[in-house]
Amino acid sequence: MTNDNNPHDIEKDPGKGAGSEVWDALKALAEGFGMTFRHLFRKPFTHEYPEYKRPLPERSRARIILTRDPDGGERCVACYLCSAACPVSCISMQSAEQKDGRRIAAWFRINFGRCIYCGLCEEACPTSAIQLTPDFETCNRDILSLVYEKEDLLVDHGGKDKEYNFYKHAGVVTQVGDKGTHAREKAPVDVKSNMP
Ligand code: SF4
Ligand code: SF4
């Protein structure tokens, strides 16, 4: 007996006999086995790693590098923004100043044993210096070897952002001139003006 007010009660289709239900069950069973059988003859999608290394997109987030600007200079100005943005505090550095007045990292260290490859350091960096690359093969049982120094991080190219040169926009004061007065240097932007 069914209760008209109970939505969980499912009434049987009076037009359907026991033979029809058996037939439906057999049909569903045959369809399931048919699908399995078809997959037996399909080419597998599995790639054997490390024999095959799948090329990853350029924007994949793995091993971090410190890049250079188009003139070959170090992009990092040791502003500590990446270090401040890092949620696991695995970036540390010490700032210094070059003879021409440009800031530079005297030393720069990333502990990849703690890094979670979130990319926040790259987002925070104003000079495009710190970038994540698709190179994910950094695993190592020796945890101390995952502490990378500046020499291990610095590369000789611009990474994803090849053209950007921070000092072309920001300028720098040196003993020989003010911002924007050096050879091939653009005038600095007046931050108090709305004009371009
Ligand atoms: S990717 Fe994330 S966790 Fe790794 S160094 Fe950058 S901010 Fe820190
Ligand atoms: S890598 Fe970028 S954010 Fe980090 S200290 Fe250098 S310039 Fe600043």
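Two residues are in contact when their C-beta atoms, placed from the backbone, lie within 7 Å. By that yardstick, and leaving aside neighbours within four places in sequence, Leu66 is in contact with Cys76, Phe108, Ala129, Ile130, Lys150, Leu153, Leu154 and Val155. Please keep in mind that this is a predicted model. Leu66 makes a handy starting point, as it is also among the residues with the most contacts inside the largest nonpolar core. From there, the tour below takes in the overall build, the core, the two ligand sites and a few backbone details.

**Overall build**

- The protein comes to 5 helices and 5 strands, and from the N terminus on these elements run α-β-α-β-β-α-β-β-α-α.
- Its radius of gyration is 31 Å, well over the 16 Å that the globule rule gives for 196 residues, so the protein is more spread out than a compact globule.
- Taken along the principal axes, the C-alpha atoms fill a box of roughly 100 × 50 × 30 Å.
- The domain assignment gives domain 1 as 16–45 and domain 2 as 64–170, and the C-alpha centres of the two lie 56 Å apart.
- Buried residues make up 15% of the 196 residues.
- Among contacts between residues at least 6 apart in sequence, 69% join residues at least 24 apart.

**The nonpolar core and the partners of Leu66**

- The largest nonpolar core has 20 residues, and those with the most contacts inside it are Leu66, Cys76, Cys82, Cys121 and Ile130.
- Three strands each supply at least two residues of this core: β1 (64–66), β3 (103–111) and β4 (130–132).
- Leu154, one of the contacts of Leu66, sits in the loop between α4 and α5 (166–170).
- Along the chain, Leu154 and Leu66 are 88 residues apart, yet their C-alpha atoms are 4.5 Å apart in space.
- Not counting residues up to four places away in sequence, Leu154 touches Leu66 and Glu74.
- Leu154 is partly exposed because it has 18 other C-beta atoms within 10 Å, whereas a buried residue needs 20 or more.
- Lys150, another contact of Leu66, belongs to helix α4 (residues 150–153).
- With residues up to four places away in sequence left out, Lys150 touches Leu66, Ala105, Trp107 and Phe108.
- Lys150 has 17 other C-beta atoms within 10 Å and is therefore partly exposed.
- The C-alpha atoms of Lys150 and Met93 are separated by 9.0 Å, with their positions 57 residues apart along the chain.

**The two ligand sites**

- Ligand 1 has 14 residues around it, of which Cys86, Cys115, Cys118, Leu120 and Cys121 come nearest.
- By class, the shell of ligand 1 holds 13 nonpolar, 1 polar and no charged residues.
- Cys121, one of the residues nearest to ligand 1, is also among those with the most contacts inside the largest nonpolar core.
- Ligand 2 is surrounded by Cys76, Val77, Ala78, Cys79, Tyr80, Leu81, Cys82, Ala124, Cys125, Thr127, Ala129 and Ile130.
- The shell of ligand 2 counts 11 nonpolar, 1 polar and no charged residues.
- Cys76, Cys82 and Ile130 from around ligand 2 appear as well among the residues with the most contacts in the core.

**Backbone details worth a look**

- Most residues other than glycine have a negative phi, and most peptide bonds are trans.
- Ala78 has a positive phi, near 50 degrees, and lies in the loop between β1 and α2 (81–85).
- Ala78 counts as buried because it has 21 C-beta neighbours inside 10 Å.
- Tyr80 likewise has a positive phi, of about 70 degrees, although it is not a glycine; Tyr80 is found in the loop between β1 and α2.
- With 15 other C-beta atoms within 10 Å, Tyr80 is partly exposed.
- Ala78 and Tyr80 are both among the residues around ligand 2.
- The peptide bond from Tyr49 to Pro50 is cis, with omega near 15 degrees, and Pro50 lies in the loop between α1 and β1.

**Leu56 in the loop before β1**

- Leu56 has its place in the loop between α1 (18–40) and β1.
- Leu56 counts as partly exposed, with 13 C-beta neighbours inside 10 Å.
- Leu56 and Thr133 are 77 residues apart along the chain, and their C-alpha atoms are separated by 9.5 Å.

How values were computed
Residues numbered from 1 in each chain as written. Chains lettered and ligands numbered in written order. Predicted model: local features only at pLDDT ≥ 70, side-chain atom pairs only at ≥ 80, totals over all residues. Near = placed C-beta within 6 Å. Nonpolar A, V, L, I, M, F, W, Y, C, P; charged D, E, K, R; others polar. Domains from an automatic or database assignment. Core = buried A, V, L, I, M, F, W, Y, C linked by C-beta atoms within 7 Å. Buried ≥ 20, exposed ≤ 12 C-beta atoms within 10 Å, placed from the backbone. Helix = DSSP H or I, 4+ residues; strand = E, 2+ residues; numbered from the N terminus. Rg over C-alpha atoms; globule rule 2.2 N^0.38 Å.
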